[in-house]
2 protein chains.
Amino acid sequence: MTDDADLSDLLTLRLGYLVKHAYLQLAAFLGDALEPFGVHPRELGVLSVIAADGAERSQNELASAIGMDRTTMVAVIDDLEDRGLVERHRSPRDRRRNVVTLTEAGAACLRNAEQARAEAERAYLAPLDEDAAQALADTLRTLYEAHAGTHAGSARAHPVQGPGAAACALPAREAGGARGK
Amino acid sequence: MTDDADLSDLLTLRLGYLVKHAYLQLAAFLGDALEPFGVHPRELGVLSVIAADGAERSQNELASAIGMDRTTMVAVIDDLEDRGLVERHRSPRDRRRNVVTLTEAGAACLRNAEQARAEAERAYLAPLDEDAAQALADTLRTLYEAHAGTHAGSARAHPVQGPGAAACALPAREAGGARGK
DNA sequence: TATTGTTATACTCTATAACTATA
DNA sequence: TATAGTTATAGAGTATAACAATA
């Protein structure tokens, strides 16, 4: 490495780089914090939503509330059910629906893991003073709400073909291209 | 959907959810903006680093500067080379090294795509006033530098079973677990 | 022995299509 | 016909191990 400082400096000026690594770093914090409880961050989110209110939630409702695909939710519920944290019940009023409820163990796991999650978030935000941490949360929420629905089908909002696009108009990427050794 | 408002509200209070979706939404903005130029955000980062200074960069140096695995860099350079945007040269001083340089087309692509990237970032930050946008960048950079190296090998499987884990201490997750019916 | 580029492999996460049973 | 759950599959993205050439 000759002078990596310049190069990484260049990249940390990029918003995309910073946001991606914020996501990766926070995911590492959360994953480590939840590891003793045997749940993934995504699973904890599912448990939280199930416990959120008294209404009985079907798998489909859970999936759409979390922004998870309903086919992915099947496997998540499978895992949680195998570990005895949730139960599936056929809804008697609409026998297509699987109502998902917390077991005793699931409720206990939720309580403990939620505490660990909150601690992990605090640890991640520790380098910031309280105002900056609050401002970050507010800002992220503003952005989330303003752009909600943007990444559903990633190629939608910007269909425009900017001028000068011909500069890179070479053969589109293929799967297994020939290598130059 | 009975009352999704409550549920999504619950999730937007979670930092992990907000950061993840900030990443996904910004990635969608960047991906759409760069699509006319036929480059992915990751590839644009590689082009930028190559052009960053006069020093000749090997694949290994590019990879470590960007935080990309060196085996991943091989495929990225393959693609860029197939499209005529970069060239590989064997370094005469150390014949193990592949020095990567921009072609004329690569430099032109970089210029145009960089402009599109900057516009996409501005569009993403548009819901914020200037102070909030600047504060966000500063905060993200502070967090990145404070936690640098955190997500190297942190979030993986769940081998350890820590204290207080008894609440969820049921069978660990398997690959193709048997499903309930 | 260590390093660079490379290949092969595997694992995670996600997205799509199709099937079933219900409505 | 439409919807909920399910299954199978495929595509990204990433990580690891091993190998050849070179130092």
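1. For the classes used here, Ala, Val, Leu, Ile, Met, Phe, Trp, Tyr, Cys and Pro count as nonpolar, Asp, Glu, Lys and Arg as charged, and the others, Gly among them, as polar. On that basis, the surface near DNA strand D has 12 charged, 6 polar and 1 nonpolar residues.

2. A word on ground rules: this is a predicted model, in which local features need pLDDT of at least 70 and side-chain atom pairs count only at pLDDT 80 or more, while totals for chains, interfaces and linings use all residues. Residues are numbered from 1 along each chain as its sequence is written, chains are lettered from A and ligands numbered from 1 in the order in which they are written, and side-chain values use heavy atoms, leaving out hydrogens and water.

3. Chain A has a mean pLDDT (the predictor's confidence in each residue, from 0 to 100) of 81, with 75% of its residues at 70 or more. Please note residues 1-5 of chain A, where the pLDDT is below 50.

4. Now to the DNA: 19 residues surround strand D (a residue is near a strand if one of its heavy atoms lies within 4 Å of it), and Q59(A), N60(A), R70(A), R88(A) and R42(B) are the closest. Of the strand D atoms within 4 Å of the protein, 69% belong to sugar or phosphate and the rest to bases.

5. Two side chains are worth a look. Q59(A) places a polar side-chain atom 2.7 Å from a phosphate oxygen of DNA strand D, whereas R70(A) has one 2.9 Å from a base oxygen of that strand.

Note on methods. Contact = heavy atoms within 4.5 Å. Polar contact = N/O pair within 3.5 Å; in protein donor to acceptor, adjacent residues only side chain to side chain.
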